[in-house]
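Please look over the model below before reading on.

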Amino acid sequence: MTAQLADRFAQNPILRPQDVKPSTPGMEVVCLLNPGVFRFEGKTWLVVRVAERPAQAAGKTSFPILTPDGRMEIKEFRSDDPRLDASDPRIIRFDGQDYLTTLSHLRLLSSEDGVRFTEPAGYAPLMGTGELETYGIEDCRVATIGESYYLTYTQVSSNGVGVGLRTTKDWKQFVQEGMIFPPHNKDCALFEEQIGGKYYAFHRPSSPELGGNYIWLAESPDLVHWGKHKCLIHSRSGYWDEARVGAGAAPIKTSEGWLAIYHGATPEHRYSLGALLLDLKEPWKVIARSEEPIMEPSEPYELEGFLGHVVFTNGHLVDGDRITLYYGAADSVICGAHLSIEKILGSLTREGRA
């Protein structure tokens, strides 16, 4: 195991499934995952992905979906039905149709100290709506641009997995901009300022037949319409990011370039974190990259859970040299860690393989 740069919170995990109430009676919270992070009204806020399912009855397999008008519907099958394949804890296949074992929505929690989080009154959960979110919404990233917050998140339905955008100024009223990157696409993180008069975003299309799960860069005049796509980095054979790579939160502007934390996974689904350094004026140019992870699963709460051996981040806050990183561990609980921008920059390999 390589040396890690992350100083984990002593209080980890800071949020567990039992800390959040189910959205409706009869449901149980299975896991908490991958929070977006932002500052609002002098507090630290998380947009936590809450994954739920019905309590499981003996001999039955049940899971929720949403109708296009937002009503929850429970599907239930006999566990011994030969048409049912429940071998993957995340996906159920029944009679040739794929479903998710849980339904995810987004929940807002706030904190005075960045460690102890509670759900404030008056802030409703963010639920899936429409035909493109019938399997839920997941893994929100928050970019603060001007007076508005831009939420990029994963939209899931039988049509596929794409990137949705919602905006807000007060976290009570939202504008839904719809799907901005079509299937199969996820891991979208917005830059929080323009470069040369254009907005930029990371995204992660998937091409299983030709290509792979790589990080791409796109530009936009208005944060809604995206084009001029460029493939930024590939996964790397024999490395900790061999199977897939995907963006974390908004990149951090430093004197040396844009510093972007990203996740990488092995073929065995072991998720670690690394970093990229991009040119300030031409962000499609990779200056340096992590040869070794800056953080990898090592603690018991990262090794064992719904999907073990996982550290996965969507959000952080920056104060001078210090990054306060919030992350999902083992696809089960929420944790925090501190990192140093200077130490991350010093760990990168210049003009590394990209």
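A short exchange about strands, burial and charged pairs follows.

This is a predicted model in which local features need pLDDT of at least 70 and side-chain atom pairs count only at pLDDT 80 or more, while totals for chains, interfaces and linings use all residues. Residues are numbered from 1 along each chain as its sequence is written, and side-chain values use heavy atoms, with hydrogens and water left out.

Visitor: Is threonine 168 buried or exposed?

Guide: Threonine 168 lies in strand E12 (residues 160–168); strands are DSSP runs of E, at least two residues, numbered from the N terminus. Buried means under 20% relative accessible area, exposed over 50%, and partly exposed in between, with a 1.4 Å probe and protein chains only. At a relative accessible area of 3%, threonine 168 is therefore buried.

Visitor: Which residue forms a salt bridge with aspartate 139?

Guide: A salt bridge is a side-chain nitrogen of Lys or Arg within 4 Å of a carboxyl oxygen of Asp or Glu. Here the closest N and O atoms are 3.1 Å apart, and the partner of aspartate 139 is arginine 49. The pair links strand E10 (residues 137–145) with strand E3 (residues 43–54), 90 residues apart. Both residues are buried, and the partner asked for is arginine 49.

Visitor: How many residues apart in sequence are the parts that glutamate 76 and lysine 60 tie together?

Guide: The side chains of glutamate 76 and lysine 60 meet in a salt bridge at 3.7 Å, N to O. Glutamate 76 lies in strand E5 (residues 72–78) and lysine 60 in strand E4 (residues 60–66), so the parts tied together are apart in sequence by 16 residues.

Definitions and conventions: Helices (H or I, at least four residues) and strands (E, at least two) are DSSP runs, numbered from the N terminus.
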